[in-house]
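I opened my notebook to look through this structure one piece at a time. Here is what I looked up, in the order I wrote it down.

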Amino acid sequence: MTLALEDIRVVDLSRIWAGPYGTKLLADMGAEIVKIEALDRLDPHRGAVRPQAGTGNYPDGEPGDDPWNRNGWFNSLHQNKYGITLDLSHPQGKDVFRELIAMSDVVIENFRRGVLDKLGFTYEELKKIRPDIVVVSMPAFGNTGVWKDYIQYGIGQEQLAGVDSMGGYSVAEGPIKSGINHGDPITGSHAAGAILAALMYRRRTGKSVLIDLSQLDSSISLMGEHLLDFQMRGQNPTTTGNQHDSFAPQGVFPCLGEDEWVAISVTSDSEWLNLTKAIGFSDLGEDIKYADSSLRKQNESELLSLIGEWTKTRDKFDITSTLQSSGIPCAPVMTNEDIYDDPHYQSRSLMEISDHPSTDIQLLPGVGWKMSKTTSEIRWHAPMLGQHNEFIFGELVGLSSDFIANLIDEGVSGTEPVGA
Amino acid sequence: MFKDISVIDLSTGIAGPYCTKILSDLGANVIKVEPPEGEITRFSEPYYSGDVDPNKSIKFSFLNTNKKSITLDLFTPKGNSLVKNLIRTVKPYLIVESYGPEVLDKIGLDFNTIKSINGFTSLISISNFGSTGPYRSYKAHEMNIQAISGLMSITGEPDLEPLIAGADIAQLNGGQVAALSALTYMFQAMTTSSGTHSDVSLMEANMDLLENWMLGQFQGELMPRRGKQHQSGFPSEVYPCADGYVSVNASPGSWSELAELMEAPDLDREEYYERSSRPKYRDQIEPLMTDWLTQNNKREIFHGAQKRRLAFSYIANARDLLESDQLTDRNFFSTIGPNTHPGTPFKIRSSIAENKEAPGLGEHNQEIYKDLLGLSKDDILSLSAEKVI
């Protein structure tokens, strides 16, 4: 098995979620990612150097002696990457960085706008070092536009993108954000796509590319039909809660156990008939009151309570297999615990094991798609802080061991964090 | 730059067409092969004018820009041999399909057959749960995928039922992941001559996006639903304002700046400064905040906060987006026909010359069947009469 992207080298200055998720997608397909952190400014996802009790995300809640190597947020996004430490504000750090750029295809960063420029590495400067470099810059709102210096994170983008105007139990109860900070992973995924497209462009033209990616623009990609709807019919999107705006019944129903739920969608008349048979209400299937989708829509609330009566004494997984065998779209509302125990995930080997010296065994999700010819697997765990300094500085860049030792003496690199 | 890259798109619905839209908007030549009556999204409400019309679905108009449409019934012997002829002639880098596990195998359009026609063509199969595993034949709609991938269990109020998240987020994410696999193969195809089969599951695509959240299990805890609260810590949640809703956040600027923004000296008390102890004072703080918020408009609140380095946001609607200075200033939108569409989220120089609206049903039948495959006028008429195209 070969890896799809094994000829690509990416210098990765990105932090937290959006950028690291983008480079994780590429790393899982074989790209060589060299993640750079400064000893006094670790990726915030490594957590505090000396965390307060109850903060961070550590195995069994234990920060341990080296919490920066144990944080789940970091360790889930950096498998298959090389990790080095390098102070880009130090003259020697800048020199080594230049050498790395010269032998790399891509640089990616998601600092606040202008940070890399101030370090002396504008796009023009990077192009001087490597004339066909692909540069991805992804501050919150991009590098242009009247909001370019505004501050935002993945947590605040789905509101500004309009997605949350469609979230909530009802219009009267107001909007509710999705449970994840979607602005981060969607932008990371776009970054990975943009890098691949830019590398194809470069291969054809030999030219460098600057990709200016905005989390807001990325998040709006989910809104296309609603933007058109406003122009065509003058309608702003709204929320219908867990009910669908055309077919019925659809809902989330309580099941046996505490806070256990199942999501059922009846999208056609035949599914409705099948549902009434499967839950033992065959007479409803013949009732003219519920004969088609619009009638069921009118009488949806009574149907929802009837179905809820049936579900509440049953297990969500049993309900799913019963209804699915009758051809009805149905799924358990899975929690994080359920996902780890799920036979379907397990059979598609999504949970791969990665042994990490500081955390023992971790279960990690695999890649979002399966490829027939190339592999995508967890080849090594997320790097400990500065784990690959010797390999990258010595074998890749070709620095002498004296030079590397000096970098460490000067505090330009190392494996122990500085500060809090 | 993708103009000499052809894609044959057999997919229907949302995820597959969104995948190929990303490619067609980058300039790839996407030939959409639809059943003679039109693919299912042509019949998805609402329509932009009047009654049911396969050329007027708003969802379809968004998902199919810059594509060509031909009609073809793959499940008839003639249609089947015609699509093979199309693959032979067009030599696509990619075929994208979403019929579900084993459907194409049964009609002899499996990956091995495709490979034997054209060795470097890759096949992307998009399905709800993937082509293997115990759930492979399960049916699912948007809500079911959000439920099974974990998103619903953390969306909504803790004391109410789990809630679906806005937009067709699960299906669009799945299409996005499929497009990434497509770009990977196109990149590889520049150096190798042998295609790949990719098995994209919407459930997994969505779980991948959630994985950070999933690691909550490291602390042995179930992740909670937080309702209007965005994260632990206070304030980080949605509040009503005079003309809508805003998300309030007291960082990275200081608490004093928040008090100043809200013209509320009573908020500027030292015991409120420390983030970790601030939740204790929720009952004192909240009325002071809502008092000011409900007297001001979302945009003024947002800009005022941002000037003080407070990462507020507001709940935008479609009009807000279309009127946004930021988006206009960045040339985010594309004008296609009479309408404004969201631009590609990443722009590569010279990707496309002129954007085209979603095609009418079978709009390119003549171009493809007559000009490209060289069928005669009579052949086309009889195929049409037999409802093969």
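**Entry 1: a helix across two strands**

I began with helix 14 of chain B, residues 365-372, which lies across strand 2 (29-34) and strand 3 of chain B. Its direction is about 75° to strand 3 of chain B. I noted beside this that I am working with a predicted model.

**Entry 2: the sheet behind that helix**

Which strands make up the sheet, and in what order? I found 7 strands in an open sheet, ordered 12(A)-6(B)-5(B)-4(B)-1(B)-2(B)-3(B), with mixed pairing. At the edges stand strand 12 (369-371) of chain A and strand 3 (67-71) of chain B; each has a single partner strand, so one side of each has no neighbour in the sheet. I also looked up the turn between neighbouring strands of this sheet, which is 20° on average, direction ignored.

I then followed the join between the chains. Strand 12 of chain A and strand 6 (residues 197-201) of chain B run antiparallel and are joined by 3 bridges. Here A:Lys370 has B:Asp199, in strand 6 of chain B, as its bridge partner. A reminder to myself: strands of a sheet pair through backbone hydrogen bonds, either parallel or antiparallel.

**Entry 3: where the chains meet**

Next I looked up the contact as a whole. Chain B gives 133 residues to it and chain A gives 148 residues. Between them the two chains bury about 12400 Å², with 62% of it on carbon and sulfur atoms.

How many salt bridges are there between chain B and chain A? The count is 7 salt bridges. I picked out the one between A:Arg204 and B:Asp4, where the closest N and O atoms are 2.9 Å apart. There are also 47 residue pairs in polar contact between chain B and chain A. On the side of chain B that touches chain A, helix 7 (residues 169-189) of chain B supplies the largest share, with 13 residues.

**Entry 4: the sheet in chain A**

I turned to chain A and found an open sheet of 6 strands, in the order 3-2-1-4-5-6, with parallel pairing. Strand 3 (82-85) and strand 6 (209-212) of chain A are at the edges with a single partner strand each, so one side of each is left without a neighbour in the sheet. The twist from one strand to the next averages 20°.

Inside this sheet, strand 1 (residues 9-12) and strand 4 (residues 106-109) of chain A run parallel, joined by 3 bridges. A:Asp12 stands opposite A:Ile108 in strand 4 of chain A.

I noted two helices here. Helix 1 (residues 18-28) of chain A lies across strand 1, strand 2 (32-37) and strand 4 of chain A, at about 150° to strand 2 of chain A. Helix 17 (residues 389-396) of chain A lies across strand 1, strand 2 and strand 3 of chain A, at about 90° to strand 3 of chain A.

**Entry 5: domains and a hairpin**

The domain assignment splits chain B into domain 1 (6-210 + 333-385) and domain 2 (236-316). How many Å apart are the C-alpha centres of domain 1 and domain 2 of chain B? I wrote down 44 Å. For chain A, the domain assignment gives domain 1 (9-221 + 369-409) and domain 2 (250-341), with 43 Å between their C-alpha centres.

My last look was at a hairpin in chain B, where 2 residues join strand 7 to strand 8. Strand 7 (residues 236-241) and strand 8 (residues 244-249) of chain B run antiparallel over 6 bridges, and B:Glu237 has B:Val248 as its bridge partner.

How values were computed
Residues are numbered from 1 along each chain as its sequence is written. Chains are lettered from A and ligands numbered from 1 in the order in which they are written. This is a predicted model: local features need pLDDT of at least 70, side-chain atom pairs count only at pLDDT 80 or more; totals for chains, interfaces and linings use all residues. Side-chain values use heavy atoms; hydrogens and water are left out. Two strands pair if DSSP finds at least two bridges between them. Helices (H or I, at least four residues) and strands (E, at least two) are DSSP runs, numbered from the N terminus. Axes are lines fitted to C-alpha atoms, for helices over the stretch in contact, and angles run from 0 to 180 degrees between N-to-C directions. Contact means heavy atoms within 4.5 Å. Domain bounds come from an automatic or database domain assignment. Buried area is the accessible area (1.4 Å probe) that two parts lose on being put together, summed over both. A salt bridge is a side-chain nitrogen of Lys or Arg within 4 Å of a carboxyl oxygen of Asp or Glu. A polar contact is a pair of N or O atoms within 3.5 Å; within protein, one must be able to donate a hydrogen and the other to accept it, and residues adjacent in sequence count only if both atoms are side-chain atoms.
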